[in-house]
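Me: I'm in my first year and still learning how to read protein structures. Could you take one part of this one and go through it slowly with me?

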Amino acid sequence: MEKGGPSQAQQAFQQGLAALAQWVEREGADRTVPRAHGGEIAVEGEAEPVVVKLGVWVSNTKSRCDKLTQQQLVL
């Protein structure tokens with residue numbers, strides 16, 4: 001990992017956010033993400049799309065909201 005770059009947790013959060021944005025664009029903001037749903041996103045520097053377990057990410061983000069940074073809470 002490059003020194004000074006985003007941590008693995010920050011990268012995972014950004015990937016989850018990107019997958020959620022795709023979900024909202026495709027399905028609408030009023031549709032709940034099923035827990036088992038996985039979404040593919042393009043990640044810079046990766047040849048293949050990365051699968052994000054979006055349903056798990058949403059659930060974990062909600063249950064661990066007290067551990068999110070102020071910037072993450074605003075997003």
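The part I would like to look at is helix 2: which of its residues are buried, and what do they pack against?

Reply: Happy to help! Keep in mind that this is a predicted model, so every value here is computed from the predicted atoms.

Let's begin with the helix itself. Helix 2 covers residues 54-63, and its buried residues are L54, G55, W57, V58 and T61. Now picture looking down the helix axis. These buried residues cover an arc of only 165 degrees around that axis, so they lie on the same side of helix 2. A general rule helps here: an α-helix has 3.6 residues a turn, so residues three or four places apart point the same way.

What does that side meet? The buried residues of helix 2 pack against helix 1 and against strand 2, which is made of residues 50-52.

One of the buried residues, W57, deserves a closer look. The structure holds one aromatic pair. Its partners are F13 and W57, with ring centres 5.5 Å apart and planes at 55 degrees; planes from 30 to 60 degrees apart count as tilted, so this pair is tilted. The pair also connects distant parts of the chain, since F13 belongs to helix 1 (residues 8-27) and W57 to helix 2, with their positions 44 residues apart in the sequence. Both F13 and W57 are buried.

Let's follow helix 1 to its end at residue 27. There, E27 forms a salt bridge with R26, the closest N and O atoms being 3.4 Å apart. E27 also meets R31 in a salt bridge, at 2.5 Å from N to O. In general, side chains of opposite charge can pair when their charged atoms come close. A search of the whole structure finds two salt bridges, and R26, E27 and R31 are linked in a network of them. How open is this spot? E27 counts as partly exposed because its relative accessibility is 30%, and R31, at 43%, counts as partly exposed as well.

For a contrast with the buried side of helix 2, try V74, in helix 3 (residues 70-74). V74 counts as exposed because its relative accessibility is 63%. From V74 to V52, the C-alpha atoms are 21 Å apart in space, and the two residues are 22 apart in sequence.

To return to your question, the buried residues sit on one side of helix 2 and pack against helix 1 and strand 2.

How values were computed. Residues are numbered from 1 along each chain as its sequence is written. This is a predicted model: local features need pLDDT of at least 70, side-chain atom pairs count only at pLDDT 80 or more; totals for chains, interfaces and linings use all residues. Side-chain values use heavy atoms; hydrogens and water are left out. Helices (H or I, at least four residues) and strands (E, at least two) are DSSP runs, numbered from the N terminus. Buried means under 20% relative accessible area, exposed over 50%, partly exposed in between (1.4 Å probe, protein chains only). Rings of Phe, Tyr and Trp (its six-membered ring) pair if their centres lie within 6.5 Å; planes under 30 degrees apart count as stacked, over 60 as edge-to-face and the rest as tilted. The arc is that of the directions from the helix axis to the C-beta atoms. Contact means heavy atoms within 4.5 Å. A salt bridge is a side-chain nitrogen of Lys or Arg within 4 Å of a carboxyl oxygen of Asp or Glu.
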